[in-house]
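The paragraphs below walk through one protein structure, beginning with a helix and ending with a single residue in a loop. Keep the structure in view while reading.

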Amino acid sequence: MYTQMSDGIDGNPNAADEREGAFNARLDRAVKIESPDWMPEAYRKTLLRQISQHAHSEIVGMLPEGNWITRAPSLQRKAILLAKVQDEAGHGLYLYSAAETLGTPRDEMVAALHSGKAKYSSIFNYPTLAWADVGAIGWLVDGAAIINQIPITRCSYGPYARAMVRICKEESFHQRQGFDIMWTLAHGTPEQHAMAQDALDRWWWPAVMMFGPPDSESVHNEQSLRWKIKLFTNDELRQKFVDQVVPQSERLGLKIPDPDLRWNEATQHYEIGQVDWDEFYRVIRGDGPCNRERLQARIDAWDEGTWVRDAAAEYARKHAARSVA
């Protein structure tokens with residue numbers, strides 16, 4: 001549970017300032033904050049919001065690809081996709097566990113998701129219409145996730161940073177799996193190449209939006225950077241993604257669906273066209289192509305799993321009783 005350590009300064013009228021100063025000094029020295037340590041309430045709430053939303057994204061993110069496990073084009077593809085979806089479930093469990101160290105039970109976090117109070121990544125509210133979409137998700141979505149998540153392995157909160165180490169290693173395999181699917185399709189028949197291009201056309205802009213709103217509109221960027229929960233801004237991470245993916249698309253023989261895309265020799269970066277932020281905010285507010293479907297699927301799974309949770313709790317109670325006896 002979350003506690004606030006006194007560090008021997010209870011009763012001191014300047015205790016709050018001293019605690020805050022000691023907390024900031026630890027951040028400056030890059031010393032990890034751990035769950036028993038004193039932390040500002042706003043820091044705890046920001047972490048809980050980010051980590052729980054990250055966990056929700058991993059769990060909801062199983063749905064678009066899980067839809068294709070039985071329809072993958074070969075037994076090998078089925079086995080690889082099944083393993084990937086299983087990894088995502090594990091990522092959600094790691095992250096819920098990290099969030100619980102901040103004092104909020106998992107059931108409360110899940111309830112917040114089901115009520116619509118808590119959010120998850122907007123990218124998972126788009127449909128997977130073809131097998132190529134599974135490749136696009138692995139290449140683009142997991143590729144974006146790696147860029148976003150590798151810095152978190154160095155964030156200020158220890159349980160979150162440590163959870164991300166294994167997650168990032170597994171995400172790198174997911175990105176390679178997606179790229180392999182896209183490579184196979186892009187170098188296959190004309191129909192397969194067209195399928196790969198269509199998937200890129202539909203997933204490119206949602207993937208660009210994954211990093212969140214532009215820095216000028218981001219509510220949390222500045223404070224999260226100060227607390228070292230984030231190490232880069234949304235726009236900085238988005239630029240890394242664009243610079244990485246454009247050469248990869250050229251290698252695949254696919255075209256980024258942006259007529260304004262160009263290389264800036266002066267900045268040594270690619271520049272993209274105008275992002276449709278209205279679409280981003282519509283999806284965040286719950287008006288995306290699959291928002292209702294995704295959320296209802298999670299609610300149904302939770303309700304249908306009640307007997308499993310009850311049975312596990314009863315087994316744990318009986319096992320504990322026998323241990324005492």
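**A helix, two pockets and a loop**

Ala79 has its place in helix H4. The model shown here is a predicted one. Ala79 counts as partly exposed because its relative accessibility is 46%, and partly exposed residues fall between the 20% and 50% limits. Ala22 lies 57 residues from Ala79 in sequence, and the C-alpha atoms of the two are 50 Å apart in space.

Helix H4 itself covers residues 75–100. Its 26 residues, at 1.5 Å a residue, should span 38 Å, and the end C-alpha atoms are 38 Å apart, so the expected span and the model agree. Among the buried residues of H4 are Arg77, Leu81, Lys84, Val85 and Glu88, and further along Leu95, Tyr96, Ala98 and Ala99. What do the buried residues of H4 pack against? They pack against helix H2 (41–60), helix H3 (62–66), helix H5 (106–115), helix H6 (131–149) and helix H7 (158–186).

Next come the pockets. The largest pocket holds about 1,200 Å³ of space. Its lining is made up of 46 residues, and Arg49, Gln53, Met210, Phe211 and Gly212 are those nearest the centre. Two or more lining residues come from each of H2, H3, H6, H7, H9, H10 and helix H11 (277–284). H6 provides the largest share, seven residues. By class, the lining of the largest pocket has 22 nonpolar, 15 polar and nine charged residues.

The second largest pocket has a volume of about 260 Å³. Of the 13 residues that line this pocket, Leu93, Tyr96, Arg106, Arg298 and Trp302 lie nearest its centre. Tyr96 is also one of the buried residues of H4. H4, H5 and helix H12 (291–304) each supply at least two residues of this lining, and H5 gives the most, with five. The lining of the second largest pocket divides into eight nonpolar, one polar and four charged residues.

The last stop is Thr233, in the loop between helix H9 (221–226) and helix H10 (234–252). Is Thr233 buried or exposed? Thr233 is buried, because its relative accessible area is 13%, and buried means under 20%. Leaving aside neighbours within four places in sequence, Thr233 is in contact with Asp215, Asn221 and Leu225. With Asp215 there is also a polar contact, side chain to side chain, at 2.8 Å.

Conventions: Residues are numbered from 1 along each chain as its sequence is written. This is a predicted model: local features need pLDDT of at least 70, side-chain atom pairs count only at pLDDT 80 or more; totals for chains, interfaces and linings use all residues. Side-chain values use heavy atoms; hydrogens and water are left out. Helices (H or I, at least four residues) and strands (E, at least two) are DSSP runs, numbered from the N terminus. Buried means under 20% relative accessible area, exposed over 50%, partly exposed in between (1.4 Å probe, protein chains only). A polar contact is a pair of N or O atoms within 3.5 Å; within protein, one must be able to donate a hydrogen and the other to accept it, and residues adjacent in sequence count only if both atoms are side-chain atoms. Contact means heavy atoms within 4.5 Å. The expected span of a helix is 1.5 Å times one less than its number of residues. On a 1 Å grid over the protein atoms alone, a cavity is a set of points where a 1.4 Å probe fits but cannot get out, and a pocket is an open set with protein on both sides within 12 Å along at least five of seven lines; lining residues have an atom within 4 Å of a point. Grid points are joined across faces, edges and corners, and a volume is the space filled by probe spheres set on the points. Ala, Val, Leu, Ile, Met, Phe, Trp, Tyr, Cys and Pro count as nonpolar, Asp, Glu, Lys and Arg as charged, and the others, Gly among them, as polar.
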